[in-house]
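Here's a quick tour of one protein chain, meant for someone just starting out with structures. Have a look at the picture, then follow the bullet points below.

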Amino acid sequence: MGRSIPIATRLSSLLSRLSNDHRSPTRARREVLQQANPGEAMAKRFPTLGSMHAFYCGGHLMVHLGQLSAWRRMAGLGSA
């Protein structure tokens with residue numbers, strides 16, 4: 001396996017990345033968010049870049065927060 005990294009370091013790194021990535025769509029210009037989604041598979045469900053990013057910053061984020069909750073339990077930290 002890979003090298004051992006202290007749990008606190010890994011968690012702070014994950015939370016920093018999550019926070020930064022979650023803010024990035026708010027920096028986008030309206031014209032960009034209104035563009036058609038170029039990904040064929042995703043465009044059926046999310047026709048614009050804005051609708052796709054709204055999904056990733058909303059519903060999809062909840063999936064990853066659930067993963068963090070599971071990670072906390074596995075790390076022996078208990079519920080938040």
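**Who does Asn-37 touch?**

Leaving aside residues up to four places away in sequence, Asn-37 is in contact with Met-42, Ala-43, Phe-46, Pro-47, Thr-48, Leu-49 and Met-52. Keep in mind that this is a predicted model. Let's stay with Asn-37 for a moment, then look at some rings and at the chain as a whole.

**Asn-37 and its surroundings**

- You'll find Asn-37 in the loop that runs between helix 2 (30-33) and helix 3 (40-43).
- Is Asn-37 buried or exposed? Its relative accessible area is 8%, and since anything under 20% counts as buried, Asn-37 is buried.
- The side chain of Asn-37 also reaches out to the backbone: one partner is the backbone nitrogen of Gly-39, at 3.0 Å.
- Another partner for the Asn-37 side chain is the backbone oxygen of Phe-46, at 3.0 Å.

**The aromatic rings**

- How many aromatic pairs does the structure hold? There are two.
- One of them joins Phe-46 and Phe-55, with 4.8 Å from centre to centre and 25° between the planes, and this pair is stacked.
- Phe-55 also pairs with Tyr-56: the ring centres are 5.3 Å apart and the planes sit at 55°, so this pair is tilted.
- Put together, the ring pairs link Phe-46, Phe-55 and Tyr-56 into a cluster.
- As for cover, Phe-46 is buried, with a relative accessible area of 12%.
- Phe-55 counts as partly exposed at 31% relative accessibility, and Tyr-56 counts as partly exposed at 34%.

**Helix 5**

- Helix 5 covers residues 59-74, which makes 16 residues.
- At 1.5 Å a residue, helix 5 should span 22 Å, and its end C-alpha atoms are 23 Å apart, so the two values agree.
- Just after helix 5 comes Gly-76, which takes a positive phi of about 80°.

**The whole chain**

- What is the chain built from? It has five helices and zero strands, so to speak a run of α-α-α-α-α along the sequence.
- The chain has 80 residues, and 10% of them count as buried.
- Among contacts with a separation of 6 or more, 30% come from residues 24 or more positions apart.
- The accessible surface of the chain is about 6,400 Å², with 59% of that belonging to carbon and sulfur atoms.

Note on methods: Residues are numbered from 1 along each chain as its sequence is written. This is a predicted model: local features need pLDDT of at least 70, side-chain atom pairs count only at pLDDT 80 or more; totals for chains, interfaces and linings use all residues. Side-chain values use heavy atoms; hydrogens and water are left out. Helices (H or I, at least four residues) and strands (E, at least two) are DSSP runs, numbered from the N terminus. The expected span of a helix is 1.5 Å times one less than its number of residues. Buried means under 20% relative accessible area, exposed over 50%, partly exposed in between (1.4 Å probe, protein chains only). A polar contact is a pair of N or O atoms within 3.5 Å; within protein, one must be able to donate a hydrogen and the other to accept it, and residues adjacent in sequence count only if both atoms are side-chain atoms. Contact means heavy atoms within 4.5 Å. Accessible areas come from the Shrake-Rupley method with a 1.4 Å probe; for residues, only the protein chains shown count as cover. Rings of Phe, Tyr and Trp (its six-membered ring) pair if their centres lie within 6.5 Å; planes under 30 degrees apart count as stacked, over 60 as edge-to-face and the rest as tilted.
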